[in-house]
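Trainee: Could you take a close look at one part of this model with me? I would like to begin with a single loop residue and work outwards from there.

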Amino acid sequence: MAQPRILIVDDEKLIRWSLRERLVAAGYRVLEAEDGAEALDKCADDVDLVILDFRLPDTDGVALIPQIKERNPEAVLILMTAYASVSSAVDAIKKGAFHYVNKPVDADEMLALVEKALETTQLRREVRALRARESAPYGFDRIVGESQPMRDVKALLRKVASSPSSTVLLTGESGTGKDLAAKAVHFGSERRTGPFLNITCSAIPDTLLESELFGHEKGAFTDAKGQKKGLLEQADGGSAFLDEIGEMAPVLQAKLLRFLEEKTFRRVGGSADVKVDVRVIAATNRNLEDAVREGKFREDLYYRLRVLPVPLPPLRERGGDVRLLADHFVDGFNREFKKTLRGVSPRALEALEAYPWPGNVRELRNVLERAVLLSEGELLEWADVLLMPLASLSPDFALPPGGLEIEELERSLVVQALKRSGGNQTQAGRLLGLNRDQIRYRIEKFGLGKPAS
């Protein structure tokens, strides 16, 4: 780590010299300024800490604090003065000073304070770097897709993120990437340094969901041993992602509506209002308009949620994106499984693009994860991605445009069934709906090993 750089701002040369000597001896690099104008010229990004006198020839230190912070938000400031007062100390802290010391300054006290201030600066930088690493996978450029529907979605998400307080409603079939879209909105907004917390409304019983969302007071119910902050309170300053919002019980819908309108709520068993600053991003794969007509979802909550609606298209409507997603997933699984696959063969890609993907991007990802894990070649071949048709060979299975070879398909399915069953022929036959004699016949037919007697 480079030596910290400190700027001393004082109109008294002797004080600057005295502090400089002690700080240089302690291993710091030191700059000097005798007035506010010179301080602003020298408080560049590489200055880590500013020791600032309260009284300067052209201004006072408290008034200078916001100007220094504007030019160098990272700098920590210590104010020193011979005119101490409680009000001026409070004012300095409010404007961004780290600490406030009286003159004459004790050199040992100042060195200890400088060390503590720089530790705080380092910690802030580490936290900021950590948050940057956390947010990196969720930028808008990480949403894979160049089809027109996805271009439109990404443009809309960017606009949504630029309005960091409005409620967002993400809609679309299961597996279309609503969770990734929610993270892109959060990490692409001014709230990116705040928490991003999520909850799946259908995964928790209604009796517990209220406590998980809003928290509870001690004694609110039998197991409430102490006060608990709910998700909305924990997400203060950030975003709360409510997935599968359409499954929320009516009584909780009413409480959520009040929160959205007033930004306040009460913990379960509480009597005081809790006010927080949270952006709610909701998602559903249900048609909420139908749910409203059926009386299963509050109309007023529906309209309050859809301030900024973002519909995510199914994969079957994203022409050309299957190819991009396949390359993306194969690259990722290569790293994860320490493989060296060069990609997907043309014939395998043709099969992937012909399939309707009812499970959308999530299904494609799962298929390719299995295929990469089990593949032994340089490319994912047609037989590798036929891990998929075990689920897709249904009445609506789409024949690839280039056709297929039934014999090759049959052999691939038998090989997969044997792998999945660990070589147990009876279990392999059961996976394919074949009896023992039928599976033995195909094992012999394709030369897959001598059947057991």
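Mentor: Happily! Let's start at Trp-357, which sits in the loop between α14 (346-354) and α15 (360-374); here helices (H or I, at least four residues) and strands (E, at least two) are DSSP runs, numbered from the N terminus. Bear in mind that the model is predicted: local features need pLDDT of at least 70 and side-chain atom pairs pLDDT 80 or more, while totals for chains, interfaces and linings use all residues. Residues are numbered from 1 along each chain as its sequence is written, and side-chain values use heavy atoms, leaving out hydrogens and water.

The backbone of Trp-357 deserves attention, with a positive phi of about 50 degrees although the residue is not a glycine. Most residues other than glycine have a negative phi, and most peptide bonds are trans. With a relative accessible area of 1%, Trp-357 is buried (buried is under 20%, exposed over 50%, partly exposed in between, with a 1.4 Å probe and protein chains only).

Lys-338 makes a good partner for this view. Its phi is also positive, about 55 degrees, and it is not a glycine either. Lys-338 belongs to the loop between α13 (321-337) and β13 (343-344), but its relative accessible area is 75%, so it is exposed.

Another backbone feature is the cis peptide bond from Lys-103 to Pro-104, with omega near -5 degrees. Pro-104 is in the loop between β5 (99-102) and α5. Helix α5 itself spans residues 107-135 and contains Leu-111, which counts as buried at 18% relative accessibility. Not counting residues up to four places away in sequence, Leu-111 touches Arg-22, Leu-23 and Ala-26 (contact means heavy atoms within 4.5 Å). From Leu-111 to Glu-126 there are 15 residues in sequence and 23 Å in space, C-alpha to C-alpha.

Now look at another loop, the one between α7 (178-187) and β7 (196-200), where you will find Arg-191. Charged as it is by name, don't expect it on the surface: Arg-191 is buried at 8% relative accessible area. Beyond four places in sequence, Arg-191 touches Pro-164, Ser-165, His-186, Gly-237, Gly-238, Ser-239, Asp-277, Val-278 and Arg-279. One of these contacts, His-186, is among the buried residues of α7, together with Lys-178, Ala-181, Ala-182, Ala-184, Val-185 and Phe-187. With 7 of its 10 residues buried, α7 is largely enclosed by the rest of the structure.

Val-278 also leads us to Phe-259, whose contacts more than four places away are Leu-232, Thr-264, Phe-265, Val-276, Val-278 and Val-280. Phe-259 is part of the largest nonpolar core, which has 31 residues; such a core is a set of buried Ala, Val, Leu, Ile, Met, Phe, Trp, Tyr and Cys residues joined through side-chain atoms within 4.5 Å. The members touching the most others are Leu-213, Leu-232, Leu-242, Ile-245, Leu-256, Phe-259 and Phe-297. At least two residues each come from α8, α9 (231-234), β8 (239-243), α10, β11 (279-284), α11 (288-293) and α12 (299-305). The largest share, 5 residues, is supplied by α10. Another core lies apart from this one, with 27 residues that include Ala-326, Leu-380, Trp-382 and Leu-413.

Leu-256 is worth one last look: with Leu-252 and Lys-255 it represents α10 where that helix meets Asp-206, Leu-209, Glu-210 and Phe-214 of α8.
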